[in-house]
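Visitor: I am in my first year and would like a close look at a single part of this protein, the places where charged side chains gather. Please take me through them slowly, and tell me what surrounds them.

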Amino acid sequence: MIYCVEDEKNIRELLVYTLEATGFSAKGLEDGKCLFKALEKETPELILLDIMLPGEDGYTVLKKLKSEPETKDIPVILVTAREAEFDKVRGLDGGADDYVTKPFGMMEFVARVKAVLRRCGRQAEQKELSCGKLHIFVNRREVYLGDEKLELTRKEFELLQYLTENKGVVMSRNQILGHVWGYDFDGETRTVDVHVRSLRQKMKDAGEMLETVRGVGYRIKE
Ligand code: CA
């Protein structure tokens, strides 16, 4: 969720429309008051904050956001009418992650939003899978067994992710091949067995979580 705080209706709608067309969910808010009300309901991944707002201006809203523990980690991009009017010290030293100057191209705008989200490690969907002491951080492509990080190949990772997403359910070799290698993969189901074996070795004691179901396929035991 991205909150767009902007008092000019046309720009606000354009921002929301552009973000939604890019696959984000976004909500337009008229001023700081509406923003703080919305923050009580949901914490967004990012706030776009216009500087010239009725009531409290963007700098004041930013200062408030950064002074509260619940909101201080939300990335903020300031939106300014003219670069000359923008007080970088108040903006960037005040804790904003970036700023854009109106009028801006929508492609550039989306690129800036994505860059800030990436930098702040808050991708639109933070995905984490767990099963017992196994933890998979999908976006970071990291796998931990307790405190120990596993070094997996790309296919081992995808195989483990797929089985963990379906934990408890037996997945056939063909299902696994189709999902991890792609349905047009021109190879044999033995490929799956080879990867399961190496994955188990890397998981050491926890390798027994990865169960062979004879004649059917594999599953991650819950
Ligand atoms: Ca404005």
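Guide: Helix α2, which runs over residues 32–41, gives the largest share of the positive patch, namely three residues. As you follow this, please keep in mind that the model is a predicted one. The patch lies on the surface and is formed by four lysines, K27, K33, K37 and K41. Of these, K33 is a good one to find on your screen, since K33 sits in helix α2 and has a relative accessible area of 70%, so that K33 counts as exposed, the cut-off being over 50%.

From this patch we can turn to charged side chains that pair with a partner of opposite charge. How many salt bridges does a search of the whole structure find? The search gives 16, and I will take three of these pairs in turn, starting with the one made by K102 and D50.

In that pair, the closest N and O atoms of K102 and D50 are 3.3 Å apart. K102 is placed in the loop between β5 (98–101) and α5 (106–119), while D50 belongs to strand β3, so the salt bridge ties together parts of the chain that are 52 residues apart in sequence. Are the two partners buried or exposed? K102 has a relative accessible area of 14% and is therefore buried, since the cut-off for that word is under 20%, and D50, at 1% relative accessibility, counts as buried as well. The pair also belongs to a wider arrangement, because a network of salt bridges links D50 and K102 with E6 and E8.

The backbone beside K102 deserves a look too, for the peptide bond that leads from K102 to P103 is cis, with omega near -10°. P103, like K102, is found in the loop between β5 and α5.

D50 has a further role in the picture, as it is one of the protein donors of the calcium ion. Which residues are the protein donors, and how far from the ion do they lie? They are D7 and D50, each through OD, and M52 through O, at 2.1 to 2.3 Å from the calcium ion. Written along the chain, the spacing of these donors is D-x42-D-x1-M. D7 and D50 thereby link distant parts of the chain, for D7 is in the loop between β1 (2–5) and α1 (9–21), D50 is in strand β3 (residues 46–50), and 43 residues separate the two. Their surroundings can be put side by side: D7, with 31% relative accessibility, is partly exposed, whereas D50, with 1%, is buried.

The next salt bridge takes us into helix α5, where the side chains of R112 and E108 meet at 2.5 Å, N to O. Both residues lie in that helix, four residues apart, which is about one turn of the helix. R112 has a relative accessible area of 24% and is partly exposed, and E108, at 40%, likewise counts as partly exposed. Helix α5 also holds F109, but F109 has a relative accessibility of 1% and so counts as buried.

A third pair is made by K155 and E158, whose closest N and O atoms are 3.4 Å apart. These two stand three residues apart in helix α6 (residues 154–165), so the distance between them along the helix is about one helical turn. E158 has 19% relative accessibility, and since buried means under 20%, E158 counts as buried.

To end, I would point you to one more lysine, K204, for the sake of its backbone rather than its charge. Phi of K204 is near 50°, a positive value in a residue that is not glycine. K204 is placed in the loop between α8 (190–203) and β11 (210–213), and at 54% relative accessibility K204 counts as exposed. If you now return to D50, you will find the residue that takes part both in the calcium site and in the salt-bridge network with E6, E8 and K102.

Note on methods
Residues are numbered from 1 along each chain as its sequence is written. This is a predicted model: local features need pLDDT of at least 70, side-chain atom pairs count only at pLDDT 80 or more; totals for chains, interfaces and linings use all residues. Side-chain values use heavy atoms; hydrogens and water are left out. Donors are N, O and S atoms within 2.8 Å of the metal (3.2 Å for Na, K and Ca); water is not among the atoms, so sites may look incomplete. Buried means under 20% relative accessible area, exposed over 50%, partly exposed in between (1.4 Å probe, protein chains only). Patches are made of residues with over 30% relative accessible area and no salt bridge: like charges are joined within 9 Å, nonpolar side chains (Val, Leu, Ile, Met, Phe, Trp, Tyr) within 5 Å. Accessible areas come from the Shrake-Rupley method with a 1.4 Å probe; for residues, only the protein chains shown count as cover. Lys and Arg count as positive and Asp and Glu as negative; His and the chain ends are not counted. The place of a charge is taken as NZ of Lys, CZ of Arg, CG of Asp or CD of Glu.
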